[in-house]
Structure formats: structure tokens, C-alpha cells
Amino acid sequence: MAMQARLAGKRALITGGGAGLGAQMARRFHEEGAEVLVNDLHLETAEAVAKEVGGSALAADVSDSGAVGAMFERIGSEFGRLDVLVNNAGIGVEGNPELTKNFNQRLARQAEEAMSGGPIETHLDFTVELSDEDWLRMLAVHLNGTFFCSREALKLMNPQNSGCIINLGSIMGTAGGAGLAHYCAAKGGILAFTRSLAREVVSRGIRVNALAPGFIETAMTSSLVEARPLIEGATPMGRLGEPDDIAWAAVYLASDEAKFVTGQTLSPNGGYHMSQ
Ligand code: NAP
């Protein structure tokens, strides 16, 4: 007997769906029968994936409350209902190449000093060099974006008394990571936001969960040249994950298979961090 598609009849919005994990989620959601709305910062990027999955493209910067409001107004008037929101849009440290380069070099030197048993004379000194601008942008895209999109999505989901929100955290939100204080703070905030919102909206039949990926092969991790062997060494599976490792986890959380799951953090990470 043919299996029913796991997301049949569901309409899903994936933010930052024009690349990386979000794009792969869009593909798997489509295969599983969902109608996919692809958001991204740039319309062309969103359109390319939307075309691939027979969905619709919506450009908006998730850190801009007004732009998010306008996007959801369009979703409300054009489509009516929304079953799944994936708060996936995000940025890494690649926005500041100079800071990243200096940091990676220091990280590699410090690792060499540790391996050779010598005293540690190279210090990472990342946070003292972090600008207000880098800090605020990181929180704005991840934490504000997750809040703005969730708030607007709930205006559609609350009257439905149904829905599902999936927030992209990271193992960095719990395990921490040197040279990523702003990213870790944003991701830790997202995990706490997830638990709070899950308790609030459970009475409406809305589930809220987080994914906390380990290191996955996307544009975001492509700058991790010096750190890559260290990450692989610290991962029991000895490698980075693939976008599908996260996309399938998102399909599960969005599906009715996860109907008893709320306020949880699911962490496909190759064993890097064994408890969330
Ligand atoms: P990615 O390949 O860089 O893709 C992120 C997408 O989000 C890009 O299309 C990007 O657009 C878009 N975006 C960035 N800022 C945006 C904004 N303000 N509004 C709307 N869209 C925006 O990254 P990824 O690796 O797929 O990461 C996706 C999510 O997973 C992020 O939240 C990330 O923190 C999280 N995560 C990733 C990893 C990993 O190892 N890859 C691990 C843990 C968690 P542009 O490219 O046009 O800027």
C-alpha cells in the first residue's frame, strides 16, 4: 500500500529558504506533499528554490519588523492559512572576514601549542574585538527574526487553533563555541524562546520545537578552514553532516508523527554534543 505523504495538505513557510539547510528543507517538504513558501533576503534566491519546488517566493529581511509584517499580511491575504513556520534564516561569522581570518589563525596556532604539550601562548581574544555592529546584527537576524516571524505567524495560527513552529538553534546554543559569543548567545536565546512559546501556545494546539544542528556542510561552514580538522576530531562520527540530516528532522517535527512533541530540541550532530 502506498504511504501517504507525511506533510500532505500542509502549507509551510521556510525563512532563509534560498540556500543551505532551508533550501533542502523546502525540497523535502515538497516531496512530502507540503505547499512551500520560500522566504529569503533576496527575491531571486527565493525564486530559484520556489520554482524548483513549485512553491511561492517571498523576499523579506527577517530582522526588519516592518518587512516581516508585510510578508505575513501577504501570506494572510493571498494564501489564508499557515500550518508550519520554520525560522531558519541566519548568518554566521563570514560577514566579517577579517575578524574570522585572524581568529581562525589563532585557533589553529593555539591547537598546535596544545598538541605539542607546550604552554598556551596564543590567546583567542575574539570577544574583545567584536564590534557593536557585529553583535547587534547577529542578535537581530537570529533572535529578533525568530520573534518577529513567530509573532506574525501566530496571528494566522491562533485563530486556526493549529500550527507548528520550528526554530533553528544550534549545538552552539548549549555547548558554546570559542569565537562565536554573539552567535551562541543568539542561539541560546532561541532555545529558551522555543520552550517559553511552546508552553504558551499549547492550549491552542500549536507545537513549537527547535532543531540544534551540529556542523553541517553549507556556505555557513565553508569558511571553517583551519577549524575543520578540530571539528571533525571532536565529532564521534568524524565528519560534518549533510543538509538532509537536518531537513529530515524538520520533516519529522512538522509532521503529525511528532504530534506529542513540543518544547523540545532535536539535535542531529554526529555525536558532537550528546545532551541538549
Ligand atoms: P546558509 O547556507 O548561509 O543559508 C542561510 C540563508 O538565510 C541564506 O539564503 C541567506 O541569504 C538567508 N538569510 C540571511 N539573513 C537573512 C535575513 N535577515 N532574512 C532572510 N533571509 C536571510 O546557512 P545554513 O547553514 O543553511 O543555516 C541555516 C540555519 O541553520 C541558520 O539559522 C544557522 O544558524 C543554523 N545552523 C547552521 C549550522 C551549519 O553548520 N550550517 C549549524 C547549526 C545551525 P543570503 O545568502 O542571501 O544572505
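This briefing describes how a ligand sits in a protein and which elements surround it. The model is predicted. The shell around the ligand holds 31 residues, and the protein buries 90% of the 890 Å² that the ligand exposes when taken alone.

**Residues around the ligand**

- Among the 31 residues around the ligand, those that come nearest are L21, D40, D61, Y183 and T218.
- By residue type, the shell is made up of 15 nonpolar, twelve polar and four charged residues.

**Polar contacts with the ligand**

- A polar backbone atom of L21 is 2.8 Å from an oxygen atom of the ligand.
- The side chain of H42 has an N or O atom 3.1 Å from an oxygen atom of the ligand.
- At V62, a polar backbone atom is 3.0 Å from a nitrogen atom of the ligand.
- Taken alone, the ligand exposes 890 Å², and 90% of that is buried by the protein.

**Elements that form the shell**

- Four elements give two or more residues each to the shell: α1 (20-31), β2 (35-40), α5 (132-160) and α6 (181-201).
- The largest share, three residues, comes from α5.

**The strands β2 and β3**

- One of the elements in the shell, β2, pairs with strand β3 (residues 56-59) in the parallel sense, over four bridges.
- In this pairing, N39 stands opposite L58 of β3.
- Together with helix α2 (residues 43-52), β2 and β3 make a β-α-β unit, and this unit is right-handed.

Notes. Residues numbered from 1 in each chain as written. Predicted model: local features only at pLDDT ≥ 70, side-chain atom pairs only at ≥ 80, totals over all residues. Heavy atoms only, no water. Near = heavy atom within 4 Å. Polar contact = N/O pair within 3.5 Å; in protein donor to acceptor, adjacent residues only side chain to side chain. Areas by Shrake-Rupley, 256 points an atom, 1.4 Å probe, with all protein chains shown as cover. Nonpolar A, V, L, I, M, F, W, Y, C, P; charged D, E, K, R; others polar. Pairing = 2+ DSSP bridges. Right-handed = clockwise from strand over helix to strand, strands pointing away.
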